[in-house]
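Me: Hey, I've just opened this one and I'm new to it. Can you walk me through it?

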Amino acid sequence: TYQGAGQACLEYSGYCNKHHQCVTVSLDDPLSSLEEVFSERSLSTAIRWIKEHWYYSLSSLAALVALAVVFKYTYVRRVPIRKALTRVKSSLLREAEQLAYAQSDLLIKHHKPMPFDEAIQRLSILFPTAEMHIVHDTVCHAATEEIAVKRLLALDYPMSRLAVTLPSEESGLDGPVDE
């Protein structure tokens with residue numbers, strides 16, 4: 001009787017190959033083969049080989065140390081994309097601020113100075129989250145309030161919304177008249 005390839009034969013001590021021949025299998029388990037690798041005899045053989053060929057062992061150890069040193073000094077840590085984008089954004093904001101200061105310095109030479117105290121008061125109302133010293137520095141370096149507003153917006157300070165009341169008809173104030 002022929003059995004299919006891979007079927008057990010000889011009372012489960014082997015298996016049939018594709019030519020319908022029974023191939024016996026070693027009954028040694030994997031642990032016994034590992035036991036042979038780590039036996040006293042194999043350990044003494046390895047130590048004897050190392051003693052006889054010490055230069056191979058020493059050069060292998062030196063190569064590993066050299067490889068570790070080269071890896072340590074040439075390994076480049078990759079920056080996550082979010083951090084890289086944050087760095088680029090902050091550098092662009094710094095450049096924009098420097099350009100705004102340079103532009104305002106040019107405008108200062110050609111414009112009359114704005115009322116300092118009034119500008120600080122208005123900008124502190126428009127930008128309530130900005131610290132007072134930032135508003136003060138911005139007004140000091142800006143030729144106009146418009147430039148100061150642009151700088152504060154470039155520094156990511158949000159502008160507050162103001163509620164403006166328009167005159168009503170009941171108050172008796174007349175609005176603009178079209179002619």
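**A first walk through the chain**

Reply: Sure, let's begin with a surface feature: helix H2 (40–52) and helix H3 (54–74) each supply at least two residues of a nonpolar patch. Keep in mind that this is a predicted model.

Me: Which residues make that nonpolar patch?

Reply: Trp49, Ile50, Trp54, Tyr55, Tyr56, Leu58, Leu61, Val65, Val69 and Tyr73 make it, and the patch covers about 1,100 Å² of surface.

Me: Which helix gives the most to it?

Reply: H3 does, with eight residues. Trp54 is a residue of H3, and its relative accessible area of 52% makes it exposed, because the cut-off for exposed is over 50%.

Me: How do H2 and H3 cross?

Reply: Their axes come within 4 Å and cross at roughly 85 degrees. That puts H2 roughly perpendicular to H3.

Me: And which residues meet there?

Reply: On the H2 side you have Trp49, Ile50, Lys51 and Glu52, and they meet Trp54, Tyr55, Tyr56 and Ser57 of H3.

Me: Let's zoom out. How many helices and strands are there?

Reply: Seven helices and three strands. Starting at the N terminus, the order is β-β-β-α-α-α-α-α-α-α.

Me: How much of the chain is buried?

Reply: Of its 179 residues, 13% count as buried. The accessible surface of the chain is about 15,800 Å², and 61% of that belongs to carbon and sulfur atoms.

Me: What about contacts between residues far along the sequence?

Reply: Take the contacts with a separation of 6 or more: 41% of them involve residues 24 or more positions apart.

Me: Back to the start of the chain. Where is Gly4?

Reply: Gly4 sits in the segment before strand S1 (8–9). Its relative accessibility is 35%, so Gly4 counts as partly exposed. Gly4 and Asn17 are 13 residues apart along the chain, and their C-alpha atoms are separated by 7.9 Å.

Me: Switching topic: how many salt bridges are there?

Reply: The count comes to five salt bridges. One of them joins Lys89 and Asp156, where the closest N and O atoms are 3.7 Å apart. Lys89 belongs to helix H4 (residues 81–108) and Asp156 to the segment after helix H7 (145–154), so this pair ties together parts that are 67 residues apart in sequence.

Me: Is Lys89 buried, exposed or in between, and what about the backbone at Asp156? What are the values?

Reply: Lys89 counts as partly exposed, at 48% relative accessibility. Asp156, just after H7, takes a positive phi of about 70 degrees.

Me: Which residue does Glu145 pair with?

Reply: Arg122: their side chains meet in a salt bridge, at 2.3 Å from N to O. Glu145 is in helix H7 and Arg122 in helix H5 (residues 116–126), so the pair ties together parts 23 residues apart in sequence.

Me: How accessible are those two?

Reply: Glu145 is partly exposed, with a relative accessible area of 23%. Arg122 counts as partly exposed too, at 37% relative accessibility.

Me: Which residues are linked with them in a network?

Reply: The network of salt bridges links Glu118, Arg122 and Glu145.

Me: What about a salt bridge inside one helix, say with Glu146?

Reply: Glu146 forms one with Lys150, and the closest N and O atoms are 3.6 Å apart. The two are four residues apart in helix H7, which means about one helical turn separates them.

Me: Why does that spacing matter for direction?

Reply: An α-helix has 3.6 residues a turn, so residues three or four places apart point the same way.

Me: Are Glu146 and Lys150 buried or exposed?

Reply: Glu146 is exposed, and so is Lys150.

Me: OK, and which residues of H7 are buried?

Reply: Ile147, Ala148, Val149, Arg151 and Leu152 are buried in H7.

Me: Which residue touches some of those?

Reply: Thr138 touches Ala148, Arg151 and Leu152, leaving aside residues up to four places away in sequence. Thr138 lies in helix H6 (residues 132–141).

Me: Is Thr138 buried or exposed?

Reply: Thr138 counts as buried, because its relative accessibility is 1% and the cut-off for buried is under 20%.

Note on methods. Residues numbered from 1 in each chain as written. Predicted model: local features only at pLDDT ≥ 70, side-chain atom pairs only at ≥ 80, totals over all residues. Heavy atoms only, no water. Patch = residues over 30% accessible without salt bridge, like charges linked within 9 Å, V, L, I, M, F, W, Y side chains within 5 Å. Areas by Shrake-Rupley, 256 points an atom, 1.4 Å probe, with all protein chains shown as cover. Salt bridge = Lys/Arg side-chain N within 4 Å of Asp/Glu carboxyl O. Buried < 20%, exposed > 50% of the residue type's maximum accessible area, 1.4 Å probe, protein only. Contact = heavy atoms within 4.5 Å. Axes fitted to C-alpha atoms, helices over the stretch in contact; angles between N-to-C directions. Parallel < 35°, antiparallel > 145°, perpendicular 65-115°, else oblique.
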